[in-house]
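Colleague: Could you take me closely through a single part of this model, the sheet and the face it turns to the partner chain? I would like one connected account.

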Amino acid sequence: MSSTFDQVANIIAETCDIPRDTITPESHAIDDLGIDSLDFLDIAFAIDKAFGIKLPLEKWTQEVNDGKATTEQYFVLKNLSARIDELVAAKGA
Amino acid sequence: MHLEYFNLIDRIVDLKSDERTITVEAQVPQENTIFEGHFPGYPLMPGVLLIESMAQTSGWLLIALMKFERMPFLAAVKEAKMRTFVTPGELLTVNASVVHEGSGFTITDAKVSVAGKLKCNATLTFRHVPFPNNDLRGHMEAMAKRIGFPQQVNAHG
């Protein structure tokens, strides 16, 4: 079974037509990969479906806007993958 | 259908919150200045307005599901197919259903039919936010009454 990061990277590559080999765990979806908020909705849709979760994009955006979190915490892919794992674990708890 | 005001939906025929589906009717006017240009001597309902009719239909469904707390705004149109012409005077039946409810966005499938024949369809993405002001909310509530929005799904109706 592929890792969460691999699944996320594959989704991003397919959804945004970004070469898979340029996507690394350190990639920032916005700053490095140039994904805008509308394209990220397609990614969120695919992630929601693939993992059976609902990425809390509104909550994350609010936290970033309020200065309580940085975009790196949610949009660097290794961190995004960790957040997904947490959401999957919480769903099964 | 009041094209000058961009009101494309005439009547909500059916809205099922539990099934996340809606059916509306929209009467294409027999005459309108739009048809003078689109096209001279061969009037056709523009595809962009058919897409808008699907967006407005989906929008009423989402307003119902969000209990009039939030306003959906069209963000993306995918797989839009204009299958056959829609001409002046035709009665459109527009159906929409929710494909996915995300955080701050929803995706719907919508289609337009005339007398049971599929005319066009698309997959639409909406972002939704709390109503930005009371003017818009009041306007939408007034329009909801006019088109037969079920009052039981309007928490503020």
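**The sheet of chain B and its contact with chain A**

Modeller: In this predicted model, chain B has an open sheet of six strands, ordered β1-β2-β4-β5-β6-β3, with antiparallel pairing. The edges are taken by β1 (11-16) and β3 of chain B, each of which has a single partner strand, so one side of each is left without a neighbour in the sheet. From one strand to the next the twist averages 25°. Within the sheet, β5(B) and β6(B) run antiparallel and are joined by 10 bridges, and B:I107 stands opposite B:T125 in β6(B).

Turning to the partner, helix α2 (residues 37-51) of chain A lies across β3, β4, β5 and β6 of chain B, and runs at about 90° to β5(B). The contact as a whole draws 15 residues from chain B and 12 residues from chain A, and the area buried between the two chains is about 1100 Å², with carbon and sulfur atoms giving 58% of that area. Of the area that chain B buries against chain A, B:S103, B:F105 and B:R127 supply 46%, more than any other three residues.

As for polar interactions, six residue pairs are in polar contact across the interface, and two salt bridges are found there, including one in which the side chains of A:E58 and B:R70 meet at 2.4 Å, N to O. On the side of chain B that touches chain A, β3 (70-82), β4 (91-101), β5 (105-114) and β6 (117-130) each supply at least two residues, and β3(B) gives the most, with four residues. The residues of that side divide into five nonpolar, six polar and four charged.

Definitions and conventions: Residues numbered from 1 in each chain as written. Chains lettered and ligands numbered in written order. Predicted model: local features only at pLDDT ≥ 70, side-chain atom pairs only at ≥ 80, totals over all residues. Heavy atoms only, no water. Contact = heavy atoms within 4.5 Å. Buried area = accessible area lost by both parts, 1.4 Å probe. Salt bridge = Lys/Arg side-chain N within 4 Å of Asp/Glu carboxyl O. Polar contact = N/O pair within 3.5 Å; in protein donor to acceptor, adjacent residues only side chain to side chain. Nonpolar A, V, L, I, M, F, W, Y, C, P; charged D, E, K, R; others polar. Pairing = 2+ DSSP bridges. Axes fitted to C-alpha atoms, helices over the stretch in contact; angles between N-to-C directions.
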